[in-house]
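Reader: I'm new to protein structures and would love to work through one with you. Could you show me what we'll be looking at?

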Amino acid sequence: MSQNLITLEVSDEQLAAAHAALTQLETVLSGLVSLSPDDRRRLAKMGPKSETFCRQAVRVLEQNPQVVPPSVDLAGALLDLRTLDRLSPLLDRLQRLAERGDDTELALGADIMAFSLEAYGLLKVAGKNQGLDGLRKEMSARWVRTRREPAAPPA
């Protein structure tokens with residue numbers, strides 16, 4: 001029996017609406033940046049453990065402006081923190097949507113792969129009597145050339 005992790009049909013209208021929504025998001029959020037892998041590695045990052053420290057540092061300097069020299073951009077830090085707080089819920093939703101998209105892509109591919117392996121097995125058993133042995137051998141050769149893992153071709 002075939003695996004069926006997902007059954008989903010996406011209409012042209014749904015795709016068009018999704019593309020329009022993404023275009024609108026890209027336009028509205030055009031100020032988002034794209035960092036290089038080197039920049040990502042090099043930057044000091046505020047993570048869950050350091051967030052409290054960072055928030056406290058900004059708050060203490062905001063409450064004590066007399067200790068802030070002109071060369072320290074407190075207004076910029078306050079803006080960054082406010083923007084982070086405003087964007088975080090939206091970016092969390094986008095991340096969850098992207099994860100669901102990745103999982104859907106994986107499930108669709110897994111269903112197709114399971115079906116294809118089952119079809120190959122059917123061709124192996126019944127294909128000789130139906131004149132399909134050559135096609136089965138071609139599929140087997142293609143499987144061997146394209147597989148990523150050092151596994152044997154389907155039995």
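Reader: Which residues form a nonpolar patch on the surface?

Author: Happy to start there, and please keep in mind that this is a predicted model. One member to look at is Leu-15, which lies in helix α1, residues 12-28. Leu-15 is partly exposed, with a relative accessible area of 42%. The patch has about 260 Å² of accessible area together, and its residues are Leu-8, Val-10 and Leu-15.

Reader: Where do negative charges gather in a patch on the surface?

Author: Try looking along helix α4, residues 74-126, where Asp-103 lies. Asp-103 is part of a patch of negative charge on the surface. The residues that gather there are Glu-99, Asp-102, Asp-103 and Glu-105.

Reader: How many salt bridges does a search of the whole structure find?

Author: Side chains of opposite charge can pair when their charged atoms come close. One such pair is Asp-39 with Arg-42, whose closest N and O atoms are 3.2 Å apart. Searching the whole structure gives a total of four.

Reader: In which helix do Asp-39 and Arg-42 both lie?

Author: Asp-39 is partly exposed at 28% relative accessible area, while Arg-42 counts as exposed because its relative accessibility is 60% and the cut-off for exposed is over 50%. The two are three residues apart, about one turn of the helix. Both sit within residues 37-42, which is helix α2.

Reader: Which residues are joined into one network by salt bridges that share partners?

Author: Begin with Glu-51 and Arg-55, which form a salt bridge with their closest N and O atoms 2.8 Å apart; both lie in helix α3, four residues apart. Arg-55 also meets Asp-85 in a salt bridge, at 2.4 Å from N to O. Asp-85 is in helix α4 and Arg-55 in helix α3, so this pair ties together parts that are 30 residues apart in sequence. With shared partners, the salt bridges make one network of Glu-51, Arg-55 and Asp-85.

Reader: Asp-111 is buried yet has no salt bridge, so which side chain of opposite charge is nearest?

Author: Asp-111 is found in helix α4. Its side chain reaches the backbone nitrogen of Leu-5 at 2.8 Å. A salt bridge needs the nitrogen and oxygen atoms within 4 Å, whereas the nearest side chain of opposite charge to Asp-111 is 16 Å away. That side chain belongs to Arg-100.

Key:
Residues numbered from 1 in each chain as written. Predicted model: local features only at pLDDT ≥ 70, side-chain atom pairs only at ≥ 80, totals over all residues. Heavy atoms only, no water. Patch = residues over 30% accessible without salt bridge, like charges linked within 9 Å, V, L, I, M, F, W, Y side chains within 5 Å. Areas by Shrake-Rupley, 256 points an atom, 1.4 Å probe, with all protein chains shown as cover. Lys, Arg positive; Asp, Glu negative; His and termini not counted. Charge placed at Lys NZ, Arg CZ, Asp CG, Glu CD. Buried < 20%, exposed > 50% of the residue type's maximum accessible area, 1.4 Å probe, protein only. Polar contact = N/O pair within 3.5 Å; in protein donor to acceptor, adjacent residues only side chain to side chain.
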